[in-house]
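Visitor: I've got this one open on screen. Can you walk me through a few spots?
Guide: Sure, load it and fire away.

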Amino acid sequence: MATHSFSLLSIQSLTSNSSNKQSENTNTFLTHKYCKALATTFTGGKLLIRPQNLNNFTLKRHRSTVATVAFSLPITRPESSEKQPKWSSRAIQAFVMAELEARKLKYPNTGTEALLMGILVEGTSLAAKFLRANGVTFFKVSEETLKLLGRSDMYYFSPEHPPLTKPAQKALDWAVNEKLKSGEDGEITVTHIALGIWSVKESAGHIIMSTLGFDDEKAKELAKFMDKDIELTYK
């Protein structure tokens, strides 16, 4: 691509103004044609690339996603305190992945089983690593979910943001309340969500975790990571 650019510049410097305009028009046509040829989907359809608007579109899309997530996660607003608990970036990402997994399964709601899968799909938090090390992996959770809840109708389409089930709402509320009880600064972590799922005994997520060997003793071990999502090491 670099050689093509230099050759066009050298030719352009040797031609007249009229040939410059003709060259620019030709280059514009070839560029559009080349972009259209490259922009094909897996199904063979063509997409129109508009570089001048791409940044604006990406920015608007990003803002929309962040706003949606911020309003979807429950935030308790204590009357006696001005401080509001905030979710860590990994906790937010885990929640986004939970919604996506619920949609993949074509479930009408985001349940505790989806929250658990979201934690494991995000995968980089201390909570996710602890769960995997103790036999609670994404594939096992997916398998147990289908055994427990079954498959959805193949013709059903989940909403873009499947609403939380009551147990899932309880799990996230527990995470917020537990952070407030601690009285400590910092963010609500993925560990808060994982233990919130475990705290709702009747939930699908709790049943699946229990089936895979998770118990109260492991929950106490996991609670050691409540104040952080990652372990920073310096060499």
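Visitor: Is Leu-195 buried or exposed?
Guide: This is a predicted model, so keep that in mind. Leu-195 has a relative accessible area of 6%. The cut-off for buried is under 20%, so Leu-195 is buried.

Visitor: Which element does Leu-195 lie in?
Guide: Helix α9, residues 190-199.

Visitor: And what does Leu-195 touch, leaving out residues up to four places away in sequence?
Guide: Trp-174, Ala-219, Leu-222, Ala-223 and Met-226. Take Trp-174: it is 21 residues from Leu-195 along the chain, and their C-alpha atoms are separated by 8.4 Å.

Visitor: Stay in that helix. What is the relative accessible area of Thr-191?
Guide: Thr-191, also placed in α9, comes out at 0%, so it is buried.

Visitor: Which residues is Thr-191 in contact with, setting aside neighbours within four places?
Guide: Ala-127, Leu-222, Phe-225, Met-226, Lys-228 and Asp-229. Leu-222 and Met-226 are on the contact list of Leu-195 too.

Visitor: Ala-127 belongs to α6, residues 126-133. Which residues of α6 are buried?
Guide: Leu-126, Ala-127, Ala-128, Phe-130 and Leu-131.

Visitor: Which helices do the buried residues of α6 pack against?
Guide: α5, α9, α10 and α11. After α6 comes Gly-135, with a positive phi near 85°.

Visitor: New topic. How do α4 and α5 cross?
Guide: α4 covers residues 89-104 and α5 covers 112-122. Their axes come within 7 Å and cross at roughly 120°. That angle falls outside the 65 to 115 range for roughly perpendicular and is not over 145, so the pair counts as oblique.

Visitor: What is the handedness of that crossing?
Guide: Right-handed, as α4 passes α5.

Visitor: Which residues meet there?
Guide: From α4, you have Arg-90, Gln-93, Ala-94, Phe-95, Met-97, Ala-98, Glu-101 and Ala-102. From α5, the partners are Ala-114, Leu-115, Met-117, Gly-118, Ile-119, Val-121 and Glu-122. By class, that contact has 10 nonpolar, 2 polar and 3 charged residues.

Visitor: What about the loop between α4 and α5?
Guide: Two residues to look at. Lys-106 is in that loop. Its phi is near 60°, a positive value in a residue other than glycine.

Visitor: How accessible is Lys-106?
Guide: Partly exposed, at 25% relative accessibility.

Visitor: And the other one?
Guide: Gly-111, placed in the loop between α4 and α5 as well. Gly-111 has a relative accessible area of 2%, so it is buried.

Visitor: What does Gly-111 touch beyond four places in sequence?
Guide: Thr-165 and Ala-168. Gly-111 also sits 6.0 Å from Leu-164, C-alpha to C-alpha, with their positions 53 residues apart in sequence.

Visitor: Back to α5. How does α5 cross α10?
Guide: α10 is residues 204-211. The two axes come within 6 Å and cross at roughly 60°. That makes α5 and α10 oblique to each other.

Visitor: Which residues make that contact?
Guide: Thr-112, Glu-113 and Leu-116 in α5 meet Ala-204, Gly-205, Ile-208 and Met-209 in α10. The split is 4 nonpolar, 2 polar and 1 charged.

Visitor: Which buried residues does α7 have?
Guide: Val-141, Ser-142, Glu-144 and Thr-145. These buried residues pack against α5 and α10.

Visitor: How far does α7 reach from its first C-alpha to its last?
Guide: 16 Å, for 12 residues, 138-149. That is close to the 16 Å expected at 1.5 Å a residue. Gly-150 follows α7, and its phi is positive, near 80°.

Visitor: Zoom out for me. How many helices and strands does the chain have?
Guide: 11 helices and 2 strands. Along the sequence the pattern reads α-α-α-β-α-α-α-α-α-β-α-α-α.

Visitor: What share of the chain is buried?
Guide: 32% of the 235 residues.

Visitor: Last one. How many of the contacts join residues at least 24 apart?
Guide: 69%, counting contacts between residues at least 6 apart in sequence.

How values were computed. Residues numbered from 1 in each chain as written. Predicted model: local features only at pLDDT ≥ 70, side-chain atom pairs only at ≥ 80, totals over all residues. Heavy atoms only, no water. Helix = DSSP H or I, 4+ residues; strand = E, 2+ residues; numbered from the N terminus. Buried < 20%, exposed > 50% of the residue type's maximum accessible area, 1.4 Å probe, protein only. Contact = heavy atoms within 4.5 Å. Axes fitted to C-alpha atoms, helices over the stretch in contact; angles between N-to-C directions. Parallel < 35°, antiparallel > 145°, perpendicular 65-115°, else oblique. Left-handed = near helix turned anticlockwise from the far one by under 90°. Nonpolar A, V, L, I, M, F, W, Y, C, P; charged D, E, K, R; others polar. Expected span 1.5 Å × (residues − 1).
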